[in-house]
Amino acid sequence: MKISVIGTGYVGLVTGVSLSEIGHHVTCIDVNQDKVAKMQQGISPIYEPGLSEMMTKNINENRLSFTTDHRQGLKHSDVIYIAVGTPENHDGSADMSYVIQAARDIAENIQQNVIVVTKSTVPVGTNDMIKQTIQSHMAANLQMEVVSNPEFLKEGSAIHDSFHGDRIVIGAESEYASNVIEQINQPFGVPIFKTDIKSAEMIKYASNAFLATKISFINEISNICELLGANIENVSTGMGLDQRIGSQFLKAGIGYGGSCFPKDTKALIQIAGNVEYEFELLKGVVNVNKKQQGILIGKLNDCLPILTGKRIAVLGLAFKPNTDDMRESASIRVTEELIKQGAHVIAYDPIAMGNAKSILNPLVEYADSIEEAIADSEAALILTDWDEIKNIELALFKTMKKPLVIDGRNCFSLEAVESNGIEYHSIGRPVATKVIEAAPI
Ligand SMILES: NC(=O)c1ccc[n+]([C@@H]2O[C@H](COP(=O)([O-])OP(=O)(O)OC[C@H]3O[C@@H](n4cnc5c(N)ncnc54)[C@H](O)[C@@H]3O)[C@@H](O)[C@H]2O)c1
Ligand SMILES: O=c1ccn([C@@H]2O[C@H](COP(=O)(O)OP(=O)(O)O[C@H]3O[C@H](CO)[C@@H](O)[C@H](O)[C@H]3O)[C@@H](O)[C@H]2O)c(=O)[nH]1
């Protein structure tokens with residue numbers, strides 16, 4: 001099948017590359033010339049394990065190409081995917097301007113009948129709007145149909161998720177369009193769930209909202225554990241053994257970040273509000289998350305009430321491991337607050353520092369290694385549970401002025417930090433306080 005994908009962000013590029021890998025001929029279109037120039041040379045503009053290799057392979061086998069030209073990119077395509085961004089408006093609703101523009105680009109450039117597939121996360125009713133927009137601007141002799149096919153990939157494991165996802169959701173009005181999209185996806189070997197368009201649109205928001213609810217729920221339990229002396233790790237494990245609850249997304253921490261949960265939870269509150277339904281539970285989830293992102297600074301201030309001139313190491317900047325994505329990362333808020341309190345911030349991230357430099361306060365300094373970041377620091381804050389951080393030799397913390405670690409991701413066992421003489425504050429667990437003097441450097 002000949003397929004075009006509009007938008008080559010995390011979703012569009014992974015979609016295009018995966019579809020080419022299963023044998024389709026894919027042209028990816030993006031308005032960003034720098035990105036397209038890179039991709040034409042086989043360079044992925046984003047960090048995503050396995051993506052570059054698969055991309056190069058399919059370019060070399062002539063199944064994958066990139067362009068900034070909509071007319072050329074949409075030529076002869078049977079199916080066109082929309083994978084542009086749907087960021088947050090000031091009021092929390094989803095910004096549809098990129099989707100509308102993509103619909104117009106399709107209408108103005110197609111010269112054949114097409115099925116338009118919406119991958120972007122869009123409010124219920126948007127596919128109807130896309131259809132009307134395209135139909136009112138396209139040539140009168142053409143026919144088009146829309147299909148909702150929301151994306152469930154996780155950053156950091158996006159390629160793996162494409163081939164091993166739990167389900168592919170296809171929402172369509174006509175059996176014909178639904179069957180075409182089913183056939184396209186069949187080689188992935190992922191279970192397919194067919195439904196109507198509005199339900200498909202809602203499945204995406206409801207899934208993200210439910211996962212965010214699990215996280216805020218376990219974070220509240222962790223805060224109560226701290227007050228009562230229970231250990232959240234044991235509590236999560238014990239809860240997760242109940243198959244009705246499940247063990248995933250029960251990891252307490254400093255709240256959820258990223259390009260999806262923060263914006264999609266707020267968008268669903270707005271979507272409900274538009275039909276005069278107050279989504280009280282989800283409002284609570286969002287508020288709990290906001291509070292949770294500030295929890296580490298509170299713990300740090302309990303230990304070091306005055307941060308002026310103090311060297312504070314920040315380990316991990318991306319919103320989760322295995323990605324360079326900084327969108328809605330807790331590191332933005334935490335570093336800003338540290339700078340506001342006068343701290344000298346030295347940050348380290350294995351992959352996201354390039355992106356971080358254009359996002360974080362310019363007063364943040366960057367180290368080339370964990371060792372360099374923590375040496376001589378008065379405290380180390382852990383914000384992302386990268387393997388490189390989890391596997392650190394704990395004795396290294398003794399190169400700090402005083403080994404004080406505030407861990408927002410529960411990277412270490414209490415026994416291990418205690419036996420290394422580290423003062424260790426984590427989430428939902430007792431404080432490990434056995435402090436020894438720092439070794440001379
Ligand atoms: N990032 C994720 O993990 C993820 C997962 C599932 C769903 N989603 C949803 O998928 C959508 C895309 O997310 P993303 O993170 O990939 O976005 P992104 O912002 O990383 O990428 C969007 C791309 O679209 C391009 N673009 C915008 N308008 C265009 C146009 N008219 N023609 C051609 N290109 C255009 C931009 O230049 C950009 O490269 C969003 O709705 C998001 O909510 C994202
Ligand atoms: O138990 C957990 C699990 C996750 N998180 C945090 O939640 C955020 C989101 O993590 P994750 O869901 O793994 O990453 P995303 O790439 O944002 O993926 C989510 O958002 C995508 C965009 O809509 C969806 O496609 C995915 O299914 C959905 O998991 C990150 O900050 C994590 O640190 C926790 O705090 N505790």
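E182 and K194 form a salt bridge, with their closest N and O atoms 2.7 Å apart. E182 belongs to helix α8 (residues 175-185) and K194 to strand β8 (residues 192-195), so the pair ties together parts that are twelve residues apart in sequence. The structure is a predicted model. A search of the whole structure finds 17 salt bridges. The points below cover some of these bridges, the surroundings of ligand 2, a buried threonine and a nonpolar surface patch.

**Salt bridges**

- In the pair E182 and K194, E182 is partly exposed, with a relative accessible area of 21%.
- Its partner K194 also counts as partly exposed, at 34% relative accessibility.
- Another salt bridge joins the side chains of D242 and R244, with an N to O distance of 2.8 Å.
- D242 is partly exposed, with a relative accessible area of 24%, whereas R244 counts as exposed at 76%.
- A salt bridge also links D325 with R327, and here the closest N and O atoms are 3.1 Å apart.
- D325 is buried, with a relative accessible area of 3%, while R327 counts as partly exposed at 41%.
- D325 and R327 belong to a network of salt bridges that also includes E155.

**Surroundings of ligand 2**

- There are 19 residues around ligand 2, and those that come nearest are F152, L153, E155, K204 and C260.
- E155, one of these nearest residues, is also a member of the salt-bridge network with D325 and R327.
- The side chain of K204 has an N or O atom 2.8 Å from an oxygen atom of ligand 2.
- For N208, too, a side-chain N or O atom lies 2.8 Å from an oxygen atom of the ligand.
- The contact at L250 involves the backbone: a polar backbone atom of L250 is 3.4 Å from an oxygen atom of ligand 2.
- Taken alone, ligand 2 exposes 690 Å², and the protein buries 89% of that area.
- Two helices, α9 and α11 (261-274), each supply at least two residues of the shell around ligand 2.
- The largest share of that shell comes from α9, with three residues.

**T121 and its contacts**

- T121 sits in the loop between β5 (114-118) and α6 (126-137).
- At 9% relative accessibility, T121 counts as buried, because the cut-off for buried is under 20% relative accessible area.
- Leaving aside neighbours within four places in sequence, the residues in contact with T121 are T86, K204, Y205, K263 and D264.
- K204 therefore appears twice in this briefing: as a contact of T121 and, with its side chain at 2.8 Å from a ligand oxygen, as a partner of ligand 2.

**Nonpolar surface patch**

- I224, L227 and L228 make a nonpolar surface patch of about 380 Å².
- I224 lies in helix α9, which covers residues 197-228.
- I224 is partly exposed, with a relative accessible area of 45%; residues in a patch of this kind have over 30% relative accessible area.
- Helix α9 is thus the helix that holds I224 of the patch and also the one that gives the largest share of the shell around ligand 2.

Definitions and conventions. Residues are numbered from 1 along each chain as its sequence is written. Chains are lettered from A and ligands numbered from 1 in the order in which they are written. This is a predicted model: local features need pLDDT of at least 70, side-chain atom pairs count only at pLDDT 80 or more; totals for chains, interfaces and linings use all residues. Side-chain values use heavy atoms; hydrogens and water are left out. Patches are made of residues with over 30% relative accessible area and no salt bridge: like charges are joined within 9 Å, nonpolar side chains (Val, Leu, Ile, Met, Phe, Trp, Tyr) within 5 Å. Accessible areas come from the Shrake-Rupley method with a 1.4 Å probe; for residues, only the protein chains shown count as cover. A salt bridge is a side-chain nitrogen of Lys or Arg within 4 Å of a carboxyl oxygen of Asp or Glu. Helices (H or I, at least four residues) and strands (E, at least two) are DSSP runs, numbered from the N terminus. Buried means under 20% relative accessible area, exposed over 50%, partly exposed in between (1.4 Å probe, protein chains only). Contact means heavy atoms within 4.5 Å. A residue is near a molecule or strand if one of its heavy atoms lies within 4 Å of it. A polar contact is a pair of N or O atoms within 3.5 Å; within protein, one must be able to donate a hydrogen and the other to accept it, and residues adjacent in sequence count only if both atoms are side-chain atoms.
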